[in-house]
Amino acid sequence: MTEFSSSEELAGAIIARLDAMQAAGFARRFWNKDSTLWKEDRAVGAKIIDRLGWLDVVEAMEEKIGDLEEFAEEARGDYDHVLLLGMGGSSLCPDLLARTFGPAGGFPALRVLDSTDPAAVLASERAVDLGRTLFLVASKSGGTAEVDAFFRYFYGRVRDAGAFVAITDPGSPLEELAKEEGFRRVFLNPPDIGGRYSALSLFGLVPAALLGMDLELLLERANAVARASGPHARARENPGLWLGAVMAEAARAGRDKLTLIASPAIRSFGGWVEQLVAESTGKEGRGILPVDGEPLGEPGAYGPDRLFVRLRLAGEEEGDVDGRVRAIEKEGHPVITLLLEDRYDLGGEFFRWEVATAVAGALLEINPFDEPNVKESKDLTRAALGRFEKDGALPESPALAEEGGIRLHGDGGLAGAGEKDAIVPWIDAHLSRVRPGDYVALLAYLPPSHAIEEELRALRASLARRTGAAVTVGFGPRFLHSTGQFHKGGPNSGVFLQITAEAERDLTIPGLPWSFGVLERAQALGDLGALEAHGRRVLRLHIAGDAVPGIRAIRAGIEG
């Protein structure tokens with residue numbers, strides 16, 4: 001069930017858009033994989049067609065259910081834990097499934113590692129019995145640097161190729177490695193599916209099978225939405241086209257902050273939506289920014305740049321959320337409510353949101369299937385690592401100021417804003433540059449631990465009160481494969497605070513001349529350099545000691 005409330009003006013624009021799509025045969029062209037919906041250029045169009053395999057994936061995956069369930073049953077007897085080594089599209093859906101469903105009775109617990117922070121790697125190692133763990137190495141390209149580092153580390157710890165499984169595209173370096181080393185299994189995904197559109201492919205279904213999920217039911221729910229969103233459905237009743245039109249028209253009206261409110265049991269769905277929408281639409285100076293995990297504020301706290309989407313799970317108690325959402329509606333903000341009957345309805349939501357994101361891309365006149373600015377950070381990271389390999393040190397920039405164990409690094413646009421050895425005036429000057437319609441992004445190259453998440457949540461709330469802007473939080477390097485594209489390729493409406501910290505304990509990576517700590521620092525420097533190259537407003541705060549008190553000190557400075 002879908003409900004929608006908005007102003008008459010926005011509702012009228014959406015209806016007009018849908019009727020125009022109906023008249024133009026949009027749905028038919030969409031399902032015929034007509035690349036000119038997005039770009040007229042033939043070369044670009046060929047690449048777009050090569051990323052539309054997700055439209056047909058449900059039927060293809062239904063044929064693989066028996067094989068996947070047989071594999072999961074075999075693994076069930078041999079392993080107590082599954083550790084997925086992935087990044088971006090290969091890790092976010094499995095992480096969502098692990099957090100939302102957990103393992104069925106007798107099936108192994110699934111954990112996802114998608115952070116190069118040494119503490120995160122060590123925490124994953126300590127959370128499992130290495131001798132009873134199946135390692136899923138997941139990478140579409142088969143050459144993702146983070147996934148390669150994870151594999152090297154854990155293969156060096158267990159020395160048993162039979163405990164490893166690869167999920168990748170045919171002909172990738174990972175397929176070659178898996179065959180050479182003798183992995184237990186290699187799952188080859190359809191190559192015409194991009195990572196962030198891969199939830200209903202093997203990248204999502206292999207982990208789902210290992211959790212003991214009902215794959216037939218998950219795909220049945222996806223298929224129901226696929227049929228309802230099909231080529232002959234009227235645009236006004238087509239769930240995928242309708243949501244995409246709402247997202248695009250809201251963004252055109254300045255409501256480009258897609259604010260997600262999800263029931264507790266399905267809260268992790270927001271992280272998956274964040275990557276899909278941000279990386280798909282954030283380019284050519286435009287886009288839609290998902291705001292996930294933001295505490296629900298008072299109606300008057302929100303500016304006219306918001307579109308709210310509530311994902312409500314039937315039967316789940318949510319305190320005063322209903323009343324607060326109604327108050328937001330009365331304040332005049334548009335609110336979409338999507339009701340899920342149970343958790344397996346996420347299968348349908350995967351498909352709905354993939355269609356909607358692709359549709360929004362067409363209406364915003366961008367290509368939602370590439371990620372042109374992700375490579376920039378990767379190239380700068382490689383350059384920093386090359387410098388480390390040559391000189392034994394990373395190319396750190398000099399500190400602008402230092403106070404209380406926190407060093408502040410660069411934004412030339414703020415030269416002279418602060419006093420020597422005092423960081424607060426610099427932060428004040430930086431935050432004063434937030435304009436109406438901007439957002440603030442916390443870029444945390446820190447261990448994604450519960451304690452640090454809590455501190456970042458408090459810091460996020462302080463920044464929201466201080467600036468009145470939407471505030472997003474991302475752990476690096478995970479967000480480089482999601483909102484990182486929006487940060488560089490989307491509108492120049494972000495004010496960034498990058499937070500790094502000294503690693504309490506570093507970990508070497510077998511076969512590489514750098515450690516996880518060096519890799520993470522190089523990724524932070526690459527991200528910083530790419531933001532600066534695009535003229536973004538960014539400051540880096542480096543915590544010399546423990547991250548938790550360091551974040552508290554930053555928050556105290558912001559709150560005055």
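Trainee: Okay, so a helix crossing counts as left-handed if the near helix is turned anticlockwise from the far one by less than a right angle, and as right-handed if clockwise. In which kind of crossing does H5 pass H10 here?

Mentor: The crossing of H5 and H10 is right-handed. Keep in mind that this is a predicted model.

Trainee: Where are those two helices, and at what angle do they pack?

Mentor: H5 covers residues 65-78 and H10 covers residues 202-210. The angle between them is about 45°, and their axes lie 8 Å apart.

Trainee: Why are H5 and H10 called oblique to each other?

Mentor: Angles under 35 degrees count as roughly parallel and 65 to 115 as roughly perpendicular. Their angle is about 45°, so H5 and H10 are oblique to each other.

Trainee: Which residues in H5 and H10 meet?

Mentor: From H5 you have Leu68, Phe71, Ala72 and Ala75, and on the H10 side Leu202, Leu205, Val206, Ala209 and Leu210. By class, that contact has nine nonpolar residues, with no polar and no charged ones.

Trainee: New topic: pockets! What volume does the largest pocket have?

Mentor: About 1,600 Å³. Its lining has 49 residues, and Arg99, Glu453, Arg457, Phe475 and Arg478 are the closest to its centre.

Trainee: Which helix gives the most to that pocket's lining?

Mentor: H18 does, with six residues. Others that each supply at least two include helix H6 (89-100), strand E3 (109-113) and helix H13 (269-281). By class, the lining of the largest pocket has 23 nonpolar, 11 polar and 15 charged residues.

Trainee: And what about the second largest pocket, how much space lies in there?

Mentor: About 1,200 Å³. There are 45 residues in its lining, and Ser141, Glu371, Val374, Lys378 and His481 lie nearest its centre. Helix H16 gives the most to this lining, with seven residues. The second largest pocket's lining splits into 16 nonpolar, 16 polar and 13 charged residues.

Trainee: How many cavities of 30 Å³ or more does a search of the whole structure find?

Mentor: One. The largest cavity has a volume of about 40 Å³.

Trainee: What lines the largest cavity?

Mentor: Glu274, Leu442, Leu443, Thr472, Val473, Gly474, Thr483 and His487. Strand E14 provides the largest share of that lining, three residues, while strand E13 (439-445) and helix H19 (483-489) are among the elements that each supply at least two.

Trainee: How does the cavity lining divide by class?

Mentor: Three of the cavity's lining residues are nonpolar, four are polar and one is charged.

Technical notes
Residues numbered from 1 in each chain as written. Predicted model: local features only at pLDDT ≥ 70, side-chain atom pairs only at ≥ 80, totals over all residues. Heavy atoms only, no water. 1 Å grid on protein atoms, 1.4 Å probe; cavity = no way out; pocket = protein on both sides within 12 Å on 5 of 7 lines; lining within 4 Å. Points joined across faces, edges and corners; volume = space filled by probe spheres on them. Helix = DSSP H or I, 4+ residues; strand = E, 2+ residues; numbered from the N terminus. Nonpolar A, V, L, I, M, F, W, Y, C, P; charged D, E, K, R; others polar. Axes fitted to C-alpha atoms, helices over the stretch in contact; angles between N-to-C directions. Parallel < 35°, antiparallel > 145°, perpendicular 65-115°, else oblique. Contact = heavy atoms within 4.5 Å.
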